[in-house]
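Please read the following alongside the sequence and the coordinates. The text goes from the overall layout to the strands, the cores and a few single residues.

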Amino acid sequence: MKTERCVARTAAVALVGCLTIVSSACGFIFSHAPPDGHEQMNSFSCTESNAGPIVDIVWAGLNVVGAVQAASDPDAYVNSSQIVAVGLSWGVVSSAAAAVGFNKSNRCRAAKRQLGERQARGLVAPVVSIPRGVVIAPSADTLRVGERVQLVATAHSSGGAVIPQSIFTWTSSNDAIASVNGAGLVTAHAAGSVVIAARAADVVGTASVLVLPPR
């Protein structure tokens, strides 16, 4: 039983210690300044609220008041000198955390205002979607020698949305049978079958073209 009570007491002390640290250093722990290089970012996260630093100020005041009371009437407290030392120490820590927290939140609000101004002036670069799939239409076609067909490629994001103004590189598996230009126009030259490919970034889509002899 003594061992269990000792463990429970130790856990309670540790919990109180953790809560004390968290509640007296919010500016250090919970407040976040804007990231380095935010001037070139389209979006970022930081802490605009002063709630954490205000908690630090309140905690610092409570600790200082407790220390003053213990110093003014030491006979009313057990280990009054220790209470004074601990109270003043936490007061200093909490005050420093509050100062740091207010600085972070001020910088965050200034950075957010700058981002809003860049967005209003159109200086924020558009978000570029990375292609996850390429589809060619028509996916299969039949031509006679000498005929042509226009293929159209579209790039899609991971969510399936079409990525506009994508740039494609077109190739044919056999230019002697059918060649393709940079705009996706296929020209049939000789009987046979080829695979036409359109590449956007590292993603490739394909279409099959069967070429028949001339009539």
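The paragraphs below describe the chain, beginning with how the model was treated.

This is a predicted model, in which local features need pLDDT of at least 70 and side-chain atom pairs count only at pLDDT 80 or more, while totals for chains, interfaces and linings use all residues. Residues are numbered from 1 along each chain as its sequence is written, and side-chain values use heavy atoms, with hydrogens and water left out.

The chain contains four helices and 10 strands; helices (H or I, at least four residues) and strands (E, at least two) are DSSP runs, numbered from the N terminus. Read from the N terminus, the order of elements is α-α-α-α-β-β-β-β-β-β-β-β-β-β. Of the 215 residues in the chain, 30% are buried, where buried means under 20% relative accessible area, exposed over 50%, and partly exposed in between (1.4 Å probe, protein chains only). The accessible surface of the chain is about 13,100 Å², and 61% of this belongs to carbon and sulfur atoms; the areas come from the Shrake-Rupley method with a 1.4 Å probe, and for residues only the protein chains shown count as cover. Contact means heavy atoms within 4.5 Å. Among contacts between residues at least 6 apart in sequence, 58% join residues at least 24 apart.

Next come the strand pairings. Strands of a sheet pair through backbone hydrogen bonds, either parallel or antiparallel. Here two strands are taken to pair if DSSP finds at least two bridges between them. An open sheet of three strands has the order 1-4-5, with antiparallel pairing. Strand 1 (133-137) and strand 5 (162-163) are its edge strands, each pairing on one side only. Five bridges join strand 1 to strand 4 (residues 152-156) in the antiparallel sense, and V134 has A155 in strand 4 as its bridge partner.

Strand 10 takes part in two further pairings. With strand 2 (residues 140-144) strand 10 pairs in the parallel sense over five bridges, and L143 stands opposite V211 there. With strand 9 the pairing of strand 10 is antiparallel, over nine bridges; I196 has A207 in strand 10 as its bridge partner. Strand 9 and strand 10 form a hairpin with two residues between them. A201 lies in the loop between these strands and has a positive phi near 60° although it is a residue other than glycine. A201 counts as exposed because its relative accessibility is 53%. Strand 9 (residues 192-200) also runs antiparallel to strand 6, to which four bridges join it. In that pairing T171 stands opposite A197.

Which side chains of strand 6 are buried, and which are not? Along strand 6 (residues 169-172) the side chains alternate: W170 and S172 are buried and point to one face, whereas T169 and T171 point to the other and are not buried. Strand 10 also has two faces: V203, G205, A207, V209 and V211 form the covered one, and V204, T206, S208, L210 and L212 the uncovered one.

A nonpolar core is a set of buried Ala, Val, Leu, Ile, Met, Phe, Trp, Tyr and Cys residues joined through side-chain atoms within 4.5 Å. The largest such core has 23 residues, of which L151, F168, W170, V186 and I196 touch the most other members. Strand 1, strand 4, strand 7 (178-180), strand 8 (185-188), strand 9 and strand 10 (203-212) each supply at least two residues of this core. Not counting residues up to four places away in sequence, L151 touches residues including I136, P138, W170, V186, I196 and A207. A second, separate core has five residues, among them C46, C108, A111 and L115.

Some single residues remain. P138 lies in the loop between strand 1 and strand 2, and the peptide bond leading to P138 from A137 is cis, with omega near -5°. Q165, in the loop between strand 5 and strand 6, is not a glycine but has a positive phi of about 55°. Q165 is exposed because its relative accessible area is 81%.

In helix 3 (residues 51-72) the residue to look at is N63. Why does N63 count as buried? N63 counts as buried because its relative accessibility is 13%. Leaving aside neighbours within four places in sequence, N63 is in contact with G87, W90 and G91.

The charged end of K112 sits over the ring of F44, 4.7 Å from its centre; the rule asks for NZ of Lys or CZ of Arg within 6 Å of the ring centre and within 35 degrees of the ring normal.
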